[in-house]
Amino acid sequence: MLSHSRCLTRNFGRSLSAIRQGNNVLARRSTSVLSAIHPITLNNSVKYSPRSSGFQIQYFRTSVAYRDEVITVKTPAFAESVTEGDVRWEKAVGDTVSEDEVVCEIETDKTSVQVPSPAAGVIEELLVPDGGKVEGGTPLFKLKKGAGAPKTAEAPKAEAPAATAPPPPSAAQAPPPPSAVGPIPTTMPPVPPVPAHAMDTKPVSAIKPTAAPAVPTAHAEGVAKAARTESRVKMNRMRLRIAQRLKEAQNTCAMLTTFNEVDMSNITEMRKAYKDAFLKKHNIKLGFMSAFVKAAAQALTDQPAVNAVIDDTTKEIVYRDYVDISVAVATPKGLVVPVIRSVEGMNFADIEKAINLLGEKARKNELAVEDMDGGTFTISNGGVFGSLFGTPIINPPQSAILGMHGIFDRPVAVGGKVEIRPMMYVALTYDHRLIDGREAVTFLRKIKSVVEDPRVLLLDM
Amino acid sequence: MSSQLSRIFSPLRAGNGNQLNRTRSLFFDSANSRAGLVLQSQSTDVYQNLALEDWIDAHVDLQQRSILLLWRNRPVVVIGRHQNPWTECNLSAMRRLGIPLARRRSGGGTVYHDLGNLNMTFFASKKGYDRQRNLKVVTEALRRLRPELAVQSTERFDILLNGHYKISGTASRLSRKSSYHHCTLLHSADRSALSSLLRPSCPHIQSNATPSIPSPVTNLTDHAPSLEWEELLDALVQQYNREFGLSCMSTMVDPTNESSFPGVSNMAAELRSWEWTFGKTPKFSIETQLELMDEQLDARCSASLHMEVKSGRVESCRLDITEDWLPLKLSKQLTDILIGERFCPHRVAASAAELLRPESGRLYRRLHNLCEAVVAVMD
């Protein structure tokens with residue numbers, strides 16, 4: 001009998017600790033041992049209340065610390081015989097605050113007075129509307145004392161200011177989540193397939209491909225240990241719209257891509273030889289874009305089908321006599337795609353000036369609607385991000401897009417010998433309903449020949 | 001007295017010594033228990049200077065000492081903590097001129113700073129907070145320098161010249177234990193820039209943000225052309241010492257020095273961010289009529305626009321426009337795409353360009369015209 005009871009108490013003790021740890025499985029198993037006796041009420045922690053299907057365990061916390069107390073915080077007295085001020089809320093209902101954290105500011109007579117929280121807790125109610133007038137002693141807000149939301153939410157926030165300070169623009173650009181959880185964008189990976197998306201006017205809240213990856217991965221290590229939670233951020237309307245359009249484009253166009261490679265030695269040499277004189281005369285730098293834009297303009301006038309577009313509603317092909325080229329420009333606030341109008345009549349200098357002007361406007365936030373709308377052809381430069389090879393996606397309502405990639409030294413066969421040349425892969429994605437394979441390849445080869453030897457333009461070959 | 005002086009200044013005279021030790025000892029030298037400090041910022045970047053103010057307010061024990069900080073900025077418009085930049089200043093003109101906008105942490109109204117405007121910040125404990133006393137330092141200094149100028153501080157903590165022209169405005173901030181009171185002083189600022197930039201960009205805004213009260217201003221040099229900048233600074237430092245019973249010399253500080261002021265560049269970055277400058281605008285709404293035009297058909301139409309903007313972003317947007325002018329679906333698309341976007345003409349223009357892509361002909365023209373009208377409201 002004695003041994004039996006000792007055994008029982010041992011089991012009892014073990015199962016109790018298992019229950020205290022909150023492990024339901026163990027509890028269920030152990031309660032079956034106990035049920036043989038009778039339901040037991042323990043004075044401190046655990047109460048068993050047998051129900052029809054199984055056993056439920058309830059926890060009662062009776063310690064003082066957990067009693068929630070709601071206090072009303074009043075407006076502090078104002079200095080220098082000032083009588084009233086306007087309240088500006090920093091925190092909202094439901095926010096967790098720590099002791100001394102600023103809940104609101106009161107503006108009195110050119111002075112901004114901070115009102116800190118007297119204790120840690122959760123804001124229960126704001127008793128004055130934002131901008132409302134208060135006097136010294138007016139009740140301001142109700143605070144429920146005690147621990148609020150779990151601290152894991154604080155950890156990523158605390159890391160956020162430290163880590164995102166180095167790239168300050170991306171701090172301003174972090175996607176505006178409704179409940180400011182972590183800095184890691186859980187929606188899309190920060191580095192999109194650049195040639196594909198480089199065309200679209202992305203909203204500010206979108207990704208900064210270069211800076212963003214560094215920050216989230218640094219966080220991933222620290223925060224992953226803290227919480228494996230998800231966060232849901234509502235898709236921005238702009239992003240929704242772009243997504244919808246891209247999908248439509250994919251569904252209507254018969255999209256495919258043809259590739260070629262360009263030997264950049266001649267153009268690099270030309271640039272090196274003339275860049276100082278160019279800068280002196282035109283006051284802007286000579287880049288590679290002008291060569292490609294001019295080449296594209298020439299090729300587009302030679303192959304009007306690539307400059308045309310199918311009007312699906314009227315089932316007509318719209319041929320355009322002008323060439324407007326959309327060029328992707330990266331600004332601190334995101335990608336914008338301004339348009340260079342009537343490129344067919346421009347030379348390299350004109351094109352560089354136009355690109356420069358649009359870039360300046362973009363940086364100064366001066367781009368207007370007409371700077372960004374329209375365009376008959378798009379050029380996207382994935383090379384700035386280091387891409388080697390890729391398929392751009394057409395930017396509707398156009399019929400083709402040229403993707404430039406990075407310039408890398410490669411061994412190539414020149415005149416029967418192996419030489420190292422700076423090579424760039426170029427890609428042309430086109431709508432096969434309108435443009436035939438032969439036209440597309442010829443188009444791309446034309447661009448290649450112009451960039452490889454700009455003299456071709458002079459001789460109209 | 002002299003031993004106290006040498007204790008303050010000997011670390012400074014340590015030649016090419018450690019800048020960190022020098023500045024640290026300025027603030028934390030326990031020998032100077034009832035002492036003060038006069039600092040002059042080397043930077044003319046408003047964000048760095050504002051961050052320095054914040055740093056001093058947060059990190060220096062102001063129960064023991066009071067500090068005077070002298071600074072000036074390259075051209076910038078500075079709004080008060082709870083103001084609305086769209087009603088206070090001409091943002092498009094500022095953009096064109098490359099003049100930035102900054103929001104300070106103290107209350108009060110909007111000011112234009114340039115290198116001809118001197119800023120003074122008086123740091124003290126909350127008990128020692130006395131704005132009239134601080135302004136007395138300025139008025140007494142000016143009276144000693146140029147007794148012929150009639151300067152006087154007002155109840156509203158402005159300083160008037162000849163009873164009429166404002167030469168100084170005030171703002172301050174009270175934190176948990178400390179306080180700072182800063183004021184401007186117009187020495188030789190560009191008055192035409194001031195008046196052209198401090199006018200509202202958007203006329204149709206309703207908001208309860210703190211309004212600025214415009215006053216006629218003048219420069220000290222307009223009335224006392226011989227007054228030099230250095231002369232003015234010296235006189236102010238001397239008067240500060242006289243008023244508070246101190247004997248400090250002015251020390252140059254570099255607000256970008258992270259080792260002397262750890263954390264200051266983070267503070268400056270926060271002040272530079274859009275979220276602070278524009279995102280802290282109290283909620284406001286816009287209600288206006290748009291005049292739409294179709295040039296090709298020579299037709300006109302009127303539409304009403306109502307927008308609610310919270311934290312600088314469009315919270316809700318309603319556009320009432322007749323169905324025959326533009327299909328409801330298109331105007332709805334425009335309002336939808338605006339929600340959640342920053343209240344910024346550039347962002348709206350980018351969104352609008354996106355919408356216009358698939359359109360053509362009459363719908364394109366009208367939608368284009370509508371988008372332009374909406375962008376114009378924000379500019």
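**Helix H10 of chain A and the nonpolar cores**

Trainee: At the start of H10(A), which residue has a side-chain oxygen that reaches to the backbone nitrogen of A:Ala349?

Mentor: In this predicted model, the backbone nitrogen of A:Ala349 has a side-chain oxygen within 3.0 Å at the start of H10(A). The residue that supplies this oxygen is A:Asn347.

Trainee: What distance does helix H10 of chain A reach from its first C-alpha to its last?

Mentor: The helix runs over residues 348-363 and has 16 residues. At 1.5 Å a residue, 22 Å is expected, and the helix comes close to that. Its reach is 22 Å.

Trainee: Which residue with a positive phi follows H10(A)?

Mentor: The phi in question is near 60°. The residue that follows the helix with this value is A:Asn365.

Trainee: Which helix gives the most to the largest nonpolar core?

Mentor: In soluble globular proteins, nonpolar side chains tend to be buried together. Here the largest nonpolar core has 106 residues, and A:Ile325, A:Ile340, A:Phe377 and B:Leu370 have the most contacts inside it. Nine residues of this core come from one helix of chain A, residues 289-302. That helix is H9.

Trainee: How many residues has the other core, which lies apart from this one?

Mentor: Among the residues of that other core are B:Leu68, B:Phe122, B:Trp229 and B:Leu233. Its count of residues is 33.

Trainee: What share of the residues of chain B count as buried?

Mentor: Chain B has 14 helices and 16 strands. A residue counts as buried under 20% relative accessible area. Of the 379 residues of chain B, the buried share is 58%.

Notes: Residues are numbered from 1 along each chain as its sequence is written. Chains are lettered from A and ligands numbered from 1 in the order in which they are written. This is a predicted model: local features need pLDDT of at least 70, side-chain atom pairs count only at pLDDT 80 or more; totals for chains, interfaces and linings use all residues. Side-chain values use heavy atoms; hydrogens and water are left out. Helices (H or I, at least four residues) and strands (E, at least two) are DSSP runs, numbered from the N terminus. Buried means under 20% relative accessible area, exposed over 50%, partly exposed in between (1.4 Å probe, protein chains only). The expected span of a helix is 1.5 Å times one less than its number of residues. A polar contact is a pair of N or O atoms within 3.5 Å; within protein, one must be able to donate a hydrogen and the other to accept it, and residues adjacent in sequence count only if both atoms are side-chain atoms. A nonpolar core is a set of buried Ala, Val, Leu, Ile, Met, Phe, Trp, Tyr and Cys residues joined through side-chain atoms within 4.5 Å.
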